[in-house]
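The following report describes one protein structure for a reader who is new to the subject. Please keep the sequence and the model at hand while reading.

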Amino acid sequence: MFVEKQADELIEAVTYVKENLAQGVEQLATEVIKAFKKGHKVILMGNGGSAGDAQHIAAEFVGRFKKERPSLPALALNTNTSTLTAIGNDYSYDVIFSRQIDGFAQEGDVVIGISTSGNSKNVYLALGLAKRKGCYTAAFLGKDGGTIKEICDLPLVVKSNNTPHIQACHIFMGHCMCELVDQAY
């Protein structure tokens, strides 16, 4: 049956995360906690479904995840349509995130890119600039990690070619990170 096959494939992807990426997710949470405790912020970005995940994770930090705690400074660069369309029109879609990194990111911030293919040029360019500005860079990626895995401090690559399963693992890893941050407050 279709649903059973999809469930088995998702279980396989989540098992990969458990066996290969758990330590990396905990390392990312540690970097996020350090940044927050030093007064820095978390910046996230992605395209399409990954944009939704970036926005979701930022909201968990600014609002709350599972427990009451102070609001934590996080933003998703893909949420302001005026900014996105102005930069896309005046410059190029490739720089919609890097232009914002130029304006918002400061040394000590954590910048997280999300790309199921690992090849989103706008995410790649933004992470590269963030790293040059002294930010800690991480990425939730899929497939083989693409070009992005080469330029960030911590690539978390879900080894799957099934985009919906990659996205499910990305939000799972994001939720784990949020819960670890909650535990620090």
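## A buried serine and its surroundings

Ser50 counts as buried, because its relative accessibility is 3% and the limit for a buried residue is under 20%. The model examined here is a predicted one. Ser50 has its place in helix H2. Leaving aside neighbours within four places in sequence, Ser50 is in contact with Ile114, Ser115, Thr116 and Gln167.

Other residues are not covered to this degree of burial. The table lists three that count as partly exposed.

| Residue | Place | Relative accessible area |
|---|---|---|
| Gln6 | helix H1 | 21% |
| Lys143 | loop between E4 and E5 | 30% |
| Ala86 | helix H3 | 35% |

Gln6 is partly exposed because its value of 21% is not under the 20% that defines a buried residue. Lys143 has a further feature: its phi angle is near 55°, a positive value in a residue other than glycine. Ala86 belongs to helix H3, which covers residues 81–90. The C-alpha atoms of Ala86 and Asn20 are separated by 40 Å, and these two residues are 66 places apart along the chain.

## Contacts between distant parts of the chain

Which residues does Gln6 touch, not counting residues up to four places away in sequence? They are Asn162 and His165. Gln6 is found in helix H1, which spans residues 2–37. Although Gln6 and His165 are 159 residues apart along the chain, their C-alpha atoms are separated by 8.7 Å.

Asn162 lies in the loop between strand E5 (154–158) and helix H6 (163–183). With residues up to four places away in sequence left out, Asn162 touches Gln6 and Glu9. With Glu9 there is also a polar contact, made between the two side chains at 3.3 Å.

## The nonpolar cores

In soluble globular proteins, nonpolar side chains tend to be buried together. The largest nonpolar core of this model has 36 residues, and those with the most contacts inside it are Leu28, Val32, Val42, Ile57, Phe61 and Ile112. At least two residues of this core come from each of H1, strand E1 (42–46), helix H2 (49–62), strand E2 (74–76), strand E3 (110–115), strand E4 (136–142), E5 and H6. H1 provides the largest share, ten residues.

Leu28 illustrates how the parts of the chain meet. Apart from neighbours within four places in sequence, Leu28 is in contact with Val110, Ile112, Tyr136, Ala138, Phe140, Leu154, Leu156 and Met177. Another core, of 22 residues, lies apart from the largest one; Met45, Ala130, Ala139 and Val157 are among its members.

## The strands

Are the residues of E1 mostly covered or mostly exposed? E1 is mostly covered, and five of its five residues are buried. The covering applies to both faces of the strand: Val42, Leu44 and Gly46 are buried on one side, and Ile43 and Met45 are buried on the other. E1 runs parallel to E2, and three bridges join the two strands. Ala74, in E2, is the bridge partner of Val42. Val42 is also one of the residues with the most contacts inside the largest nonpolar core.

E5 is likewise mostly covered, with four of its five residues buried. E5 pairs with E4 in the parallel sense over five bridges. Val157, in E5, is the bridge partner of Leu141. Val157 is also among the residues of the 22-residue core.

## The largest pocket

Rolling a probe the size of a water molecule over the atoms shows where empty space is left. The largest pocket found in this model has a volume of about 160 Å³. Its lining consists of Val17, Lys18, Ala22, Val25, Glu26, Phe172, Met173, Cys176, Glu179, Leu180 and Gln183. The elements that give two or more residues to this lining are H1 and H6. Which element gives the most to the lining? It is H6, with six residues.

## Two helices in several roles

Helix H1 appears in more than one part of this report. H1 gives ten residues, the largest share, to the largest nonpolar core, and H1 also gives two or more residues to the lining of the largest pocket. H6 likewise supplies at least two residues of the largest core and gives the most to the lining of the pocket.

Definitions and conventions: Residues are numbered from 1 along each chain as its sequence is written. This is a predicted model: local features need pLDDT of at least 70, side-chain atom pairs count only at pLDDT 80 or more; totals for chains, interfaces and linings use all residues. Side-chain values use heavy atoms; hydrogens and water are left out. A polar contact is a pair of N or O atoms within 3.5 Å; within protein, one must be able to donate a hydrogen and the other to accept it, and residues adjacent in sequence count only if both atoms are side-chain atoms. Contact means heavy atoms within 4.5 Å. Buried means under 20% relative accessible area, exposed over 50%, partly exposed in between (1.4 Å probe, protein chains only). A nonpolar core is a set of buried Ala, Val, Leu, Ile, Met, Phe, Trp, Tyr and Cys residues joined through side-chain atoms within 4.5 Å. Two strands pair if DSSP finds at least two bridges between them. On a 1 Å grid over the protein atoms alone, a cavity is a set of points where a 1.4 Å probe fits but cannot get out, and a pocket is an open set with protein on both sides within 12 Å along at least five of seven lines; lining residues have an atom within 4 Å of a point. Grid points are joined across faces, edges and corners, and a volume is the space filled by probe spheres set on the points.
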